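Work through the following exercises with the sequence and the structure side by side, and try each task yourself before you read its solution.

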Amino acid sequence: MQTALADFIASSPAGREADAILRSCVHCGFCLPACPTYQLLGDELDSPRGRIYLMKQLLEGEPVTARTQLHLDRCLTCRACETACPSGVRYGQLLDIGRALVEERVPRAAPARLQRYLLRRIVPYTRRVRALLGIAGALRPLLPRALRARLPSAATPAALPLTHRPPAWPSPRHARRVVLLEGCVQPVLAAGINPAAAQVLDRIGIATLHVAGGGCCGALSHHLSVHAESLAQMRRNVDALWPHIEAGAEAVVFAASACAAMVRDYGRLLKDDPAYASRAERISALAQDISQLLTANAGPLHAVLAAVSTDAPRAARAPVRVAFQAPCTLQHALRAVGVVEPLLAAAGFTLTQVSDGGRCCGSAGTYSLLQPELATRLLRAKVAVLEAGAPQLIVTANIGCLAHLRSGTALPVHHWIELLAARLTGG
């Protein structure tokens, strides 16, 4: 694609990056069938190719309107187009640049500004989320049905449908050590996930350490185009993680694939910060989803699972039918396709067939709150294919997907690592 970037952006680092990305696009259209919003709306401007044209016009100095903002807002940032693209177009990075520029030029209405501000001021902070959910829980009967469905409750299918819950976080007792960044909303919405990950790693000889002073990975502010705020969150996490890296932690592990994808990008996003660039690059290199770490240690895991299976009573060995929803961040950002299913199969679970497994569920971080109509349509389609194989429960690898899926199905929905931990502890 030929470009002629405007003077205001051409010589900047963002302009040079955008120019290179635009020039790599050859208009082939392979991205269109992969794009969930194009499949829903049938509008070229709601496809990656159409949005690239809109961003090209913006970068070349043409007028920017609310129409441009609307089509960029509708993008899920699922990055399925990147997986489908034969030219390796870095669409997600271009979208970050384009959205930030549009945000500067197109004022949002007051309600939209307030909504985004509240998301940034609440969601990245665990205590604030817990307090808000406490208030919402007390007011549950008065809330809209769609919002009630998103609230965790012991009376809903959120309860783990297995015999035992994972034990508490194990004390570090192994020479091999990893550090786990717990995230912001996950400890509130599904408090068992991180301890489950630590328990599984403990059983294969890896100690999992807490991070003091860590927090939100920065993804929420980054995707809302508040990049200065996001960079501050990244720096805080680098400072919190670095002592563990210096002490010999072999990986930075996440039980939320979206957080893993974000931290994998720290090196690129902080490359121009001399105080953080080298440390951020090292942390990005060590960042892994829990599925990637367990796949790399499949031998010890299979040995432990085999021992548990032999010792377990016959009823505990009965197969459970599970539908796995692969989050977009796992598939398209981390490119970790097909890693979870073998781990579940090795633990004795029966995986049901999920057609069109690459399609987004509609969660996409804050997307389900900012674009509820499109998110709901995507959710219904995703739940339909997940339930088609008659599973007993649905599992996923990301907390946002988990919360979104729970609002659209009567089946229990969990993180897959909870099932693995329950199997290892006799559940």
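**Exercise 1. Which residue forms a salt bridge with R90, and which parts of the chain does the pair link?**

Solution. Start from the side chain of R90 in this predicted model, and look for a carboxyl oxygen of Asp or Glu within 4 Å of a side-chain nitrogen. The partner is E17, and the closest N and O atoms of the two residues are 3.8 Å apart. Next, place both residues along the chain: R90 sits in the loop between α6 (80-84) and α7, while E17 belongs to helix α2. The two are 73 residues apart, and the pair thus links distant parts of the chain. Finally, set this contact in its context, for the count by the same rule comes to 21 salt bridges.

**Exercise 2. Describe the second largest pocket by its volume, its lining and the elements that supply the lining.**

Solution. Begin with the volume, which is about 510 Å³ for the second largest pocket. Then turn to its lining, which is made up of 18 residues, with A14, E17, I97, H227 and L269 lying nearest the centre. Two or more lining residues come from each of the elements α2 (13-24), α7 (91-105), α14 (227-246) and α16 (266-269). Of the contributors, α7 gives the most, with 6 residues. As a last step, sort the lining by class, which yields 8 nonpolar, 4 polar and 6 charged residues. Notice that E17, one of the residues nearest the centre of this pocket, is also the salt-bridge partner of R90.

**Exercise 3. How many cavities of 30 Å³ or more are there, and what lines the largest and the second largest cavity?**

Solution. The count comes to 3 cavities of 30 Å³ or more. Take the largest cavity, whose volume is about 140 Å³. It is lined by 16 residues, and those nearest its centre are C25, C31, I52, C85 and V89. Helices α4 (48-59) and α6 each supply at least two residues of this lining, and α4 gives the most, with 3 residues. By class, the lining of the largest cavity holds 12 nonpolar, 2 polar and 2 charged residues.

Now go on to the second largest cavity, which has a volume of about 70 Å³. Its lining has 14 residues, of which C35, P36, P48, C75 and C78 lie nearest the centre. The elements that give two or more residues to this lining are α3 (36-41), α4 and α6. Its division by class is 10 nonpolar, 2 polar and 2 charged residues.

**Exercise 4. What is the strand order of the open sheet of 4 strands, and why is one side of β6 and of β8 left without a neighbour?**

Solution. First read the order of the strands, which is β6-β5-β7-β8, with parallel pairing. The strands β6 (350-351) and β8 (413-415) stand at the edges and each has a single partner strand, so one side of each has no neighbour in the sheet. Then examine one pairing in detail: strand β7 (residues 393-396) and β8 pair in the parallel sense over 3 bridges. Within these strands, I394 stands opposite V413 in β8.

**Exercise 5. Which residues lie over the faces of Y125 and Y276?**

Solution. Take Y125 to begin with: R128 lies over its face, at 4.0 Å from the ring centre. For Y276, the residue over the face is R279, at 4.6 Å from the ring centre. To complete the survey of rings, a search of the whole structure for aromatic pairs finds 0.

Notes:
Residues numbered from 1 in each chain as written. Predicted model: local features only at pLDDT ≥ 70, side-chain atom pairs only at ≥ 80, totals over all residues. Heavy atoms only, no water. 1 Å grid on protein atoms, 1.4 Å probe; cavity = no way out; pocket = protein on both sides within 12 Å on 5 of 7 lines; lining within 4 Å. Points joined across faces, edges and corners; volume = space filled by probe spheres on them. Nonpolar A, V, L, I, M, F, W, Y, C, P; charged D, E, K, R; others polar. Phe/Tyr/Trp six-rings, centres within 6.5 Å; stacked < 30°, edge-to-face > 60°. Lys NZ or Arg CZ within 6 Å of the ring centre and 35° of its normal. Pairing = 2+ DSSP bridges.
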